[in-house]
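Welcome! Here is a short briefing to read with the sequence and the 3D view side by side. Take a look around before you start on the points below.

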Amino acid sequence: MHAMTIEPGDTAASAGAPHGVRARLLGPLELHIGDTDRAPSTPKLLQLLAMLLIRPGRTVHVDSLVHELWNEAPPRSVRRTLHTYVHHLRRHLDPGGTGDLLVTSPPGYRLEIDAGAVDVWEFQRLHRLGRELLEEGDNAAAAHAFRTALDLWSGPPLANIHCGPTLAAYTVYLLEHRRDARDLWIEAEIRAGRHREMLGVLRSLTTADPFDETLHAHLIRALGLSGRRSDALASYEWLRSRLEDELGVKPSAELRELHRELLSEGHPVR
C-alpha cells in the first residue's frame, strides 16, 4: 500500500478553487459551499471527504484512500468500490454536475480548494504568529493570537467521523498542537500580568486533567504571583501526593524549582 504522508501545514493553493467554500475539521467535519453545509452523512463518504480535506488542493493517492477506508481488509473489488464512492461524493458536493470541486488526478483524486479555506490552516497560522510574538516579548498580542486560534475549535477534531489509521494519526497531531497552543496561551497571559484573571481557568483545567504537570506549574506560578503563597504550596503538595501515590513518580524539575522558590519566599520567575 502507498503510505500517505500527513502534511497538516501544507498551504498549497488550488488555482481552480471555487469561491465561497469553507471547511471545518476542528470539531465535526463541515464543508460549506455558499450557505449550505455539503458534508455527506454517509460514513464512508464523510471519511473520504476528510482524507481529501487534510490535503486540500493536493492529489491523494488511491492507495492512501484504500488504506484509510478499509485498512487491512479491503473488499475484493476495492478500486471499483472506491470509484463508486468518489462518484457519489462528487454528485453530493456538486449537484449541478460540473465536477469542478472533486477532480480525478492520477494516481488519485484532488479537492480543488485553497488550504486557506480549511480552519486547520488558520489555526496553524495563528499558532505560529503567537509563538513569534511570544519570542519578541509582545505577550498581550501573543495571548490574543493563541486565544483566537483556540476559539476556532468546536470540539474534538473530525468528531463525526469513524477514523481509520491516517485520520486517527491526524487527529492526534491536531490535539497535540491544540494542547501546545493552550499552554502557550496561558504562559502569555501570565507574562502579560493577567495571572489573577487566569486562576479560575487554571483551577478548572487542573481539575479536569489532574496529572498535567504543565497546567499545575502554571497554576502554582499564577498563585505565587498573586500573593497566595500558601495556596501555591498547598497545590504543589496535593499534586506531589497524587503523583507519588498513584503513579509512583516525583514532580517534574520545573515544579520542584517552583516549590523551592516558594519555600524561600521568592516569587516564581515570569
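In this predicted model, the count of salt bridges comes to 16. Several of them are described below, followed by the helices that sit inside the fold, a charged patch on the surface and some figures for the chain.

**Salt bridges within one helix**

- Start with helix α4, where Glu122 and Arg125 both lie, three residues apart, or about one turn of the helix. Their side chains meet in a salt bridge, with N to O at 2.8 Å.
- Glu122 has a relative accessibility of 22%, so it counts as partly exposed. Arg125 is also partly exposed, and its relative accessible area is 32%.
- Helix α6 holds another pair: Glu187 and Arg191 are four residues apart there, which means that about one helical turn separates them. The side chains of Glu187 and Arg191 form a salt bridge with an N to O distance of 2.4 Å.
- Glu187 is partly exposed because its relative accessible area is 24%, and partly exposed covers the range from 20% to 50%. Arg191, at 31% relative accessibility, counts as partly exposed too.

**A salt bridge between two helices**

- Arg221 and Glu254 form a salt bridge in which the closest N and O atoms are 3.2 Å apart. This pair links distant parts of the chain: Arg221 belongs to helix α8 (residues 213–225) and Glu254 to helix α10 (residues 253–263), with their positions 33 residues apart.
- Is Arg221 buried or exposed? Its relative accessible area is 13%, and buried means under 20%, so Arg221 is buried.
- Its partner Glu254 counts as partly exposed, at 40% relative accessibility.

**A network of salt bridges**

- Salt bridges can also join up: Arg179, Arg182, Asp183 and Asp212 are linked in a network of them.

**Helices enclosed by the structure**

- Why is helix α2 (residues 62–70) described as largely enclosed? Eight of its nine residues are buried, so the rest of the structure largely encloses it.
- The buried residues of α2 are Val62, Asp63, Ser64, Leu65, Val66, Glu68, Leu69 and Trp70.
- Looking for what covers these buried residues, you will find α1 (43–53), β4 (60–61), α3 (78–93), β6 (108–111) and α6 (165–191) included.
- Just after α2 comes Asn71, which has a positive phi, near 50 degrees.
- Helix α1 is itself largely enclosed by the rest of the structure, because nine of its eleven residues are buried. Among them are Leu45, Gln47, Ala50 and Met51.

**A negative patch on the surface**

- For a change of scene, turn to the surface, where Glu132, Glu135, Glu136 and Asp138 form a negative patch.
- Glu135 is one of the residues of helix α4, which spans residues 119–136. With a relative accessible area of 69%, and with exposed meaning over 50%, Glu135 is exposed.

**The chain in figures**

- The protein chain contains ten helices and six strands.
- How much of the protein chain is made up of buried residues? They account for 46% of its 270 residues.
- Among contacts in the chain with a separation of 6 or more, 64% come from residues 24 or more positions apart.
- The accessible surface of the chain is about 13300 Å², and carbon and sulfur atoms contribute 50% of it.

Methods: Residues numbered from 1 in each chain as written. Predicted model: local features only at pLDDT ≥ 70, side-chain atom pairs only at ≥ 80, totals over all residues. Heavy atoms only, no water. Patch = residues over 30% accessible without salt bridge, like charges linked within 9 Å, V, L, I, M, F, W, Y side chains within 5 Å. Areas by Shrake-Rupley, 256 points an atom, 1.4 Å probe, with all protein chains shown as cover. Salt bridge = Lys/Arg side-chain N within 4 Å of Asp/Glu carboxyl O. Lys, Arg positive; Asp, Glu negative; His and termini not counted. Charge placed at Lys NZ, Arg CZ, Asp CG, Glu CD. Buried < 20%, exposed > 50% of the residue type's maximum accessible area, 1.4 Å probe, protein only. Contact = heavy atoms within 4.5 Å.
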